[in-house]
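Student: I have a structure open and some labels I want to test. Can we go through the reasoning behind them?

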Amino acid sequence: MTEHDQLPLPDYDHLPVQGLASRIRTLDVAGLETLLAYERAHADRLQVVMIMETRLQDLRSGTQPSGGDPAAPAADDPAHAAGGSKVSGATSGPPVNPPSHGDPTNPAQPR
């Protein structure tokens with residue numbers, strides 16, 4: 001059984017299904033067989049297994065893996081915040097809610 005760290009696609013478990021077809025095009029037969037065995041043993045998602053089996057048939061019939069690095073960022077990767085959190089004293093909410101009987105500093109509220 002292949003361990004997660006030995007898979008040919010880094011961070012495989014977190015890749016979106018939609019982008020998987022383009023990523024597996026970079027794999028050879030051995031890499032795709034490894035990934036397919038891992039998928040069947042773990043999540044066994046029908047859509048993913050079908051995509052991999054179709055690609056495996058293509059590779060066995062003579063199709064060559066596409067060039068590229070399977071670890072390279074793809075267009076469908078989730079975007080991460082570049083500047084950190086945007087929360088500050090100016091963007092945070094009020095420090096506490098006013099008491100249930102009203103805010104004594106608000107002249108519009110009866111006391």
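Tutor: We will take the helices, their packing, the core and a few single residues in turn.

Student: What should I know about the model before we start?

Tutor: The model is predicted. The chain has three helices and zero strands. From the N terminus on, the order is α-α-α.

Student: What makes helix 1 roughly parallel to helix 3?

Tutor: The angle between them. Helix 1 and helix 3 pack at about 15 degrees, with their axes 10 Å apart. Roughly parallel needs an angle under 35 degrees, so helix 1 counts as roughly parallel to helix 3. The crossing of these two helices is right-handed.

Student: Which residues meet there?

Tutor: From helix 1, V17, L20, A21 and I24. From helix 3, Q47, V48, I51, M52 and R55. By class, the contact holds seven nonpolar, one polar and one charged residues.

Student: Why is helix 2 called roughly antiparallel to helix 3?

Tutor: Again, take the angle. Helix 2 and helix 3 pack at about 160 degrees, with axes 10 Å apart. The cut-off for roughly antiparallel is over 145 degrees, so helix 2 earns that label against helix 3. Helix 2 passes helix 3 in a left-handed crossing.

Student: What is the make-up of the contact of helix 2 with helix 3 by class?

Tutor: Nine residues are nonpolar, none polar and six charged. On the helix 2 side are V29, L32, E33, L35, L36, E39 and R40. Helix 3 supplies V48, V49, M52, E53, R55, L56, L59 and R60.

Student: How many residues are in the largest nonpolar core, and which have the most contacts inside it?

Tutor: The largest nonpolar core has 17 residues. Those with the most contacts inside it are L9, Y12, L20, I24, L32, L35 and M52. Helix 1 (17–24), helix 2 (29–41) and helix 3 (46–60) each give two or more residues to this core. Helix 3 gives the most, with five.

Student: What does I24 touch beyond its neighbours within four places in sequence?

Tutor: I24 is in contact with L9, L32, L35, I51, M52 and R55.

Student: How do you know that E39 is buried?

Tutor: Compare its area with the cut-off. E39 has a relative accessible area of 1%. Buried means under 20%, so E39 is buried. E39 sits in helix 2. Leaving aside neighbours within four places in sequence, E39 contacts Y12, D44, R45, V48, V49 and M52.

Student: Why is D44 called partly exposed?

Tutor: D44 has 46% relative accessibility. The partly exposed band lies between the 20% and 50% limits, so D44 counts as partly exposed. D44 is in the loop between helix 2 and helix 3.

Student: What makes the phi of D44 worth a look?

Tutor: Its sign. Phi of D44 is near 50 degrees, a positive value in a residue other than glycine. Most residues other than glycine have a negative phi.

Student: Where is D11, and what is its phi?

Tutor: D11 lies in the segment before helix 1. Its phi is positive, about 60 degrees, although D11 is not a glycine. The relative accessible area of D11 is 45%. That value falls between 20% and 50%, so D11 is partly exposed.

Student: What share of the whole chain counts as buried?

Tutor: Of the 111 residues, 23% count as buried.

Terms used: Residues are numbered from 1 along each chain as its sequence is written. This is a predicted model: local features need pLDDT of at least 70, side-chain atom pairs count only at pLDDT 80 or more; totals for chains, interfaces and linings use all residues. Side-chain values use heavy atoms; hydrogens and water are left out. A nonpolar core is a set of buried Ala, Val, Leu, Ile, Met, Phe, Trp, Tyr and Cys residues joined through side-chain atoms within 4.5 Å. Buried means under 20% relative accessible area, exposed over 50%, partly exposed in between (1.4 Å probe, protein chains only). Helices (H or I, at least four residues) and strands (E, at least two) are DSSP runs, numbered from the N terminus. Contact means heavy atoms within 4.5 Å. Axes are lines fitted to C-alpha atoms, for helices over the stretch in contact, and angles run from 0 to 180 degrees between N-to-C directions. Angles under 35 degrees count as roughly parallel, over 145 as roughly antiparallel, 65 to 115 as roughly perpendicular and the rest as oblique. A crossing is left-handed if the near helix is turned anticlockwise from the far one by less than a right angle, and right-handed if clockwise. Ala, Val, Leu, Ile, Met, Phe, Trp, Tyr, Cys and Pro count as nonpolar, Asp, Glu, Lys and Arg as charged, and the others, Gly among them, as polar.
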